Amino acid sequence: MRQIDVRPFRAAWVLLPALLLALLWGLSAPSGAGAATCTSSISGPNDPGFAGAERNFPAPETWNSEDWPLFDCIPQTAPKAEDPEGAAGMSVNRAWASYGMGDITVAYMEGGVNWKRSDANDLRDQAYLNTGELPYPEDSGGQTHGTYDLNGDGVVSVEDYAQDPRVGRANPQAGGITPEDLIIAFGHCEIQNHLIVQCPSGGRFDNDKNGYPNDISGWNFHRDNNDPQTDNIVYGHASGESRALVGTANNHFADVGVCPGCRLLSVKMGDEAIDRPDRVAEAIVFAVDSGAKVIDVTTAALGQTPSMLGAVQYAYNHGVVLAWASNDFESADHTEGMRYPHVWPGNSIVSDQSNRSGESLPQDLTATTFRSRSTLTSYGAHALFSVPTGDGSTSTAIPTTAGVAALVSSAGQDAAAAHEISEPLDANEVFQVTRATASPIESTPCATCFPGLAGAEWNIQYGYGRPNVYQAMKAVHEGKIPPTADITAPEWYDEVDPTLQSTAALKANVAAKRSPSYQWKLQYAPGVEPADNEFKTVAFGAGSAPQSVSGSIDLSQIPESFWAAAYEAPTADRLSIERYDVSVRVQVTDASGRLGEDRRVFQLRHDPSEVQGLHKNLGTSIESSPTLADIEGRGGLDVLVAGSDGTVHAYRPNGSEPKGWPVHTGLARGVDPKYPFNYLSDPAWTSGEIPQPHEPIVAPLAVGDLFHDGELEVVATGEDGYVYAWNRKGRLLRGFPVHTDSQFQRMPVPPEEAEYVRHPSTGNVGGAALGDLVGNGQLDIVIGGWDGHMYAWTPKGKPVPGWPVSTDPPNPLPKPGACASQPCIYARDYKIATTPTLVDVDGDGHPDVVVAVQDTEFGKEPVGGAPVYGFVEGYSSEGNNHAGGARLPHFPVALEAAEQGYGTAQDFITEGVQTPVSFEGVTGPQLVANPGLFTSQTIDLRTGNATKESPGSIPAEGPLNPSSSLVHFTTTASLGKLGAGALTAVQASSAATDIVTGVVETPGKGIRVRSAVEAWNPEGGANLAQYTQPLQGLAFLSAPALADVTGEGKPDIILGADSSALQAWDGTTGQPLSGWPKWTGGWTVFTPAVGDLLGDGTNTVVIGLREGWLHAYRTPGLASANNDAWHWHQNDRNTGHYGDDTRPPMKPAAMHFTNATTVCWKAPGDDWNVGTAASYELRAFPRGVSAKNFTTKGTPLPGAPAPAPAGTEQCATVSTSGARNIGLRAIDDAGNISYPAKARVP
């Protein structure tokens, strides 16, 4: 059985001899009613991994080592298993025997393909070839024969070029000729009339005029070239999952894919499965235009943009089905697969005795079901189908789901060709057939399994149930195709406030093109998984032609107790995640009684604590957490927030934006006319059908007074490595944007291949930190690039002297800990995916640059196992100009981890070290850092000595979820003085036992993955148990805010996660706060922004969601108790150093003359309007007053008083001779300058 993504921590099981196993089995048949026991003559291909345990029964192997998800029977080695259909799997083998193995083109989109591995032998003959970019193949004598099918087998494949003397063999490991051999031979050639005209070095010829030069077999959007081969030649995930989709049948090799007759179009979007949204959109368009009818999108995109949604709709309009990743961590978050319309999320079911190792174990005999929702997969309102997989991961579920769609789509093609139906299926019909023939999972499959739901066709755990591919293909060939139904409004997870609107509109497209007539109805029911009899009809009708229909929900019919009740989370049933969902569906019944259906949810909620003017849908996901700052200089805070589409907004509390805002990043390079390798030759990008993408933003903004003149600037980093800086009026600063080294945008063909190396590219996801590296009072901009360099620019867009600095590891490579005495592998990843930490390490008064890198060192035997180390680097503020080199003493610092996820498609997420934070300790500057999946350590930055955190523990919640220690996964600590005022580190965590047993080892037991927040003393590592509290969902790439939200004048803990709850805990007792959590409706990343947004001395908490919504919550918390962590990485400059004073005094308010020589104002504070400023600067101006001319045009005036506490009326007697205006600005004790106030001389 194919096993993908298997991680370390596997037990060393010993197989029992075959005879003993036979005695234990008793050679008995499965006991379930109607169960059909497999036999040695099971139908299916000769691939040894397909049904080895059946064909060799009895033997040491069991069903855990074979392709049982494809079976139409229950394995002989599962004598206790029951199934309503008498099958462990989806009856795919029966479908093959009856209707064929598929014959369409399918696309696999992720990290490309790896022809350097032996398992490529299962893919090379399946590869799609674009004959429009190829010459006719030649025989061994160099002759063409006027055909591409040279070997006459009815299929154009690489084997037709096997004897071609022009084609070499770059990948002997694959067992034969590969598509890359053809790309190397012909991928730079001009072709006319099927013959070569010329092949100049570096040639680019769009021979078939489709906009993609020499696209022989797929495309590489990561490098904008025609070779999707991965450059990290040990990476096997993409090829492994491609095999799950189309692996060759009957070649006596390995196992078989779901659609082994399909052609594979390989598309590379990034190094692994974490990809830029512009690249994802471009890849979908390419796959559609290349003729793919099903697309496997194995990615978690770094943003959900209008362009990506447009590409999804483009695919749907062209009859293409998209299967998309959900999540591997038992999560209900709204990833693309669990959010976008028309996509099929990849969600797994397994046996209650499945293991992720593919091991045959004695306990396999005790399996009772093959329908248990896997701990490694998602659940929620967008669940669609539950496909059986061997390892339970979403990674394997996506190609399995895509394979199901491909076989059903192929049946439509074949049935149309045979005149059994009038035309092939469209994308909606593929869905409707699969839904109508699926086997629902209504009852709970086993005692500990995740629950089903009686009386409902659909539920959040299993969706519509398990597909039956045989029944689906049979229905197509018999013409039993349901009508189509497609909801177009409301949007998925739309947020509706019933106090602001009285109705909610429903819209849908309905049709029954295989029937003379149909009836339709629009319905709704409160709740995420209502029973079928709870739906109420709001509109209905009939028709014969396709039409758009509509209806309206009277929101007054939904009781206030539903949408206004206090929110509680987490709950044992976890329905709190979708607490305020209202389900809507459209049903269409044709003249033959066949039913088509579509469903989705919107969210109905009123929270009186929300600032209504800021409850906005930005139309794009918000990963970048907001920033609160007086960007206008108007004397009040604005909400600065970046969308993933590259738009940066500046919202006032009433929801309006000042002139000049919003602003935008540049066009993504794929649609930028200035980029020579763009895709504008594809009309999809110029027709207006799909919005052209801008460079996406995922990282938090940084805001600071770059020029030290009292005017704030906004700095954003784009995902392609550009850095933008805008002034208060929304104008780009001169010299910007700047960018990381553009030579790394592309790569030659074939690529620069290496083992355990992800090569340099362009990009940024960690954002910028702002600090004065050179000591001139101005703020420099520091970022980490994806090319292995740390960059620093001045406010004028010039490189800071000595920068950029390479993060290449020392030579010889570090050998920390156990790696000094045993073989280890050093995995180099040039991406720097973290936020730089600015802290004075060497004591020279200038902040140095400390950064967590993604490099990982781990055991060689077994590969990827313990020991595991991540690394932190430190560089002088002088960069390469520092005597002795940029690297500071004692760096790199190695941090030991429990494990890592190298090569598991998660790219930088589970590797290296997460973004650290720093503070000044007793012995000097300290750093709090943790590897991708382990506990934190406090590192003395001047000695390299480390103190480990004592992890907290979460109590037991039953036998499946015992008491467990906590580990940090993808999260970052925040530092603050909680309780009695001691410095405390606070961070989100996950239960180690749940991860090991549920995610790594046994996904079918019904194990919940629990999350929690915890805190400890960063100086000594002692855990502070009162702060260990349950957290709803996974706090992905997040850190808590620490600020008062109760009014008690002490900081509390505020943290969001991926599952709809913004939680808060008392900063002294650790207990959940009254009035919290806040229901958000979605997934928040990074850190809530906290500040006195309303100007009333209290804190407002502001978050953005990946679903696109902005939320702001009023609290009674005192703005004066917001001095710890009010932004990502502690502060709005993202320095990551506790105690940095980054907020200037607010502009002095209400400045006016009371007589000819007396000017008065209201005093600002030290931090905005909190505290007391250090001094005033009063000047006379012959004309206007601005931050830029304050010192150059203003004449200093005496007489300014010492600042009083914020809000105090103060006055000064001034000389106004020759002056038209008097200007005043405040300065705090850190030297931060307010925006100037002015008063017209009477």
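This text goes through a predicted model, from its domains to its nonpolar cores, then to one helix and one group of strands.

The domain assignment of the chain gives four entries: domain 1 (95-128 + 232-481), domain 2 (130-216), domain 3 (498-605) and domain 4 (1149-1240). Domain 1 is written as two segments, 95-128 and 232-481. Taken over C-alpha atoms, the centres of domain 1 and domain 4 are separated by 65 Å.

The largest nonpolar core has 122 residues, and the members that touch the most other members are Met109, Ile284, Ile295, Leu322 and Trp324. Helix 8 (residues 394-417) contributes the most to this core, with 11 residues. At least three residues of the core come from each of domain 1 (95-128 + 232-481) and domain 3 (498-605). In soluble globular proteins, nonpolar side chains tend to be buried together. Leu322 shows the surroundings of one core member: leaving aside its neighbours within four places in sequence, its contacts are Ile284, Ile295, Val297, Val312, Ala315, His342, Val343 and Trp344. A second core, separate from this one, has 32 residues, among them Ala642, Tyr651, Trp726 and Ala1089.

Helix 10 (residues 469-477) is mostly covered, with seven of its nine residues buried. The buried residues are Val469, Tyr470, Ala472, Met473, Ala475, Val476 and His477. An α-helix has 3.6 residues a turn, so residues three or four places apart point the same way. The cover over the buried residues of helix 10 includes helix 3 (92-99), helix 8 and helix 9 (427-437). Helix 8 thus appears twice: as part of this cover and as the element that gives the most to the largest core. At the N-terminal end of helix 10, Asn468 acts as a cap, with a side-chain oxygen 3.3 Å from the backbone nitrogen of Tyr470. After the helix comes Gly479, which has a positive phi near 75°.

The last part concerns strand 41 (residues 924-929). Six of its six residues are buried, so strand 41 is largely enclosed by the rest of the structure. Strand 41 runs antiparallel to strand 40 (residues 917-921), and five bridges join the two. Within this pair, Phe919 has Gln926 of strand 41 as its bridge partner. Two residues lie between strand 40 and strand 41, which form a hairpin. Strand 41 is also joined by four bridges to strand 43 (residues 937-940), again in an antiparallel arrangement. Here Val928 stands opposite Thr938 of strand 43. Strand 41 therefore pairs with strand 40 and with strand 43, and is largely enclosed, with six of six residues buried.

How values were computed: Residues are numbered from 1 along each chain as its sequence is written. This is a predicted model: local features need pLDDT of at least 70, side-chain atom pairs count only at pLDDT 80 or more; totals for chains, interfaces and linings use all residues. Side-chain values use heavy atoms; hydrogens and water are left out. Buried means under 20% relative accessible area, exposed over 50%, partly exposed in between (1.4 Å probe, protein chains only). Two strands pair if DSSP finds at least two bridges between them. Domain bounds come from an automatic or database domain assignment. A nonpolar core is a set of buried Ala, Val, Leu, Ile, Met, Phe, Trp, Tyr and Cys residues joined through side-chain atoms within 4.5 Å. Contact means heavy atoms within 4.5 Å. A polar contact is a pair of N or O atoms within 3.5 Å; within protein, one must be able to donate a hydrogen and the other to accept it, and residues adjacent in sequence count only if both atoms are side-chain atoms.
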